[in-house]
Amino acid sequence: RLETETGAFVAAAPPQARTRAKDTHEQSRAESESERRGEDRMPLTPAYTWVQDDTSATISISLPSSAAASRNTRVECTEAAVKLTCPPYFLQLDLFGDVDDGRSKATIDARSVEVVVYKKASGQWPGLKTTLPADEVKARRAAAAAAKEQRDAAALDDKREKKRQDDDYVFHKQWDLEKDEKRTIERLAAEHKRAAEKELYKWADDAEGRAAPEGEDELVTYFDKQL
């Protein structure tokens with residue numbers, strides 16, 4: 001037992017318990033160190049197969065474990081390449097021919113990813129990947145990525161413009177409805193006012209023996225003038 005500063009005695013942990021606590025701490029530190037080293041390791045390249053016809057190519061990528069279902073899975077397609085990012089897996093395929101990236105689609109399942117690309121020029125490819133020199137592959141990849149970025153930006157601008165036009169249409173449509181409603185209310189009020197005035201004038205004319213004037217002016221409200 002151990003004596004504290006207040007003079008009380010407490011039971012001390014047996015040597016075996018202190019040893020187990022130390023071992024657990026060392027194990028936890030070792031696991032943390034292992035995880036840290038794992039973050040720095042090279043990405044894994046998943047296995048894949050592919051099939052083609054004259055107009056398209058289908059790439060099936062296998063992911064051992066349920067990594068494909070992760071929210072971190074990303075598939076990017078340009079005219080020249082397909083890239084999969086799914087830590088710790090990474091795959092980049094520079095395609096033999098150009099494809100229509102606007103029609104490319106990816107399907108993510110529990111243990112695999114399937115990518116379908118559509119060829120710009122119909123025909124059979126001798127292989128899935130390009131045979132160009134490395135510097136030309138890099139330039140082609142960068143040009144395709146830049147072109148896709150420009151198309152995506154233009155599509156986003158078009159989407160924003162369409163939304164603006166839709167919002168503008170809805171606003172003016174709502175304004176027209178409100179204006180029609182206000183016009184109806186104002187017209188009813190004006191008609192009631194004219195009827196009351198007509199009755200009053202008739203009473204005055206009858207009392208003074210005057211003949212009532214024939215006809216009356218057309219009723220025009222403020223909102224009638226706005227139409």
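Is R141 buried, exposed or partly exposed? R141 turns out to be partly exposed, at a relative accessible area of 30%. Here are a few friendly notes on the salt bridges; please keep in mind that this is a predicted model.

1. Let's stay with R141 for a moment. Its salt-bridge partner is D94, and the closest N and O atoms are 2.8 Å apart. R141 sits in helix α2 while D94 belongs to strand β7 (residues 89-94), so this pair ties together parts that are 47 residues apart in sequence. D94 is buried, with a relative accessible area of 10%.

2. Next comes K120, which forms a salt bridge with E79; here the closest N and O atoms are 2.8 Å apart. Both partners are in loops: K120 in the one between β9 (112-118) and α2 (134-208), E79 in the one between β5 (74-77) and β6 (81-86), so the pair ties together parts that are 41 residues apart in sequence. K120 is partly exposed, at 49% relative accessible area, whereas E79 is buried, at 18%.

3. That pair also has company. A network of salt bridges links E79 and K120 with D101 and R151.

4. For a pair within one helix, have a look at K148 and D152. Their closest N and O atoms are 3.6 Å apart in the salt bridge. Both residues lie in helix α2, four residues apart, which is about one turn of the helix. K148 is partly exposed at 24% relative accessibility, and D152 is partly exposed at 41%.

5. As for the overall tally, the count comes to eight salt bridges. The pairs K120 with E79, R141 with D94 and K148 with D152 are among them.

Methods. Residues are numbered from 1 along each chain as its sequence is written. This is a predicted model: local features need pLDDT of at least 70, side-chain atom pairs count only at pLDDT 80 or more; totals for chains, interfaces and linings use all residues. Side-chain values use heavy atoms; hydrogens and water are left out. A salt bridge is a side-chain nitrogen of Lys or Arg within 4 Å of a carboxyl oxygen of Asp or Glu. Helices (H or I, at least four residues) and strands (E, at least two) are DSSP runs, numbered from the N terminus. Buried means under 20% relative accessible area, exposed over 50%, partly exposed in between (1.4 Å probe, protein chains only).
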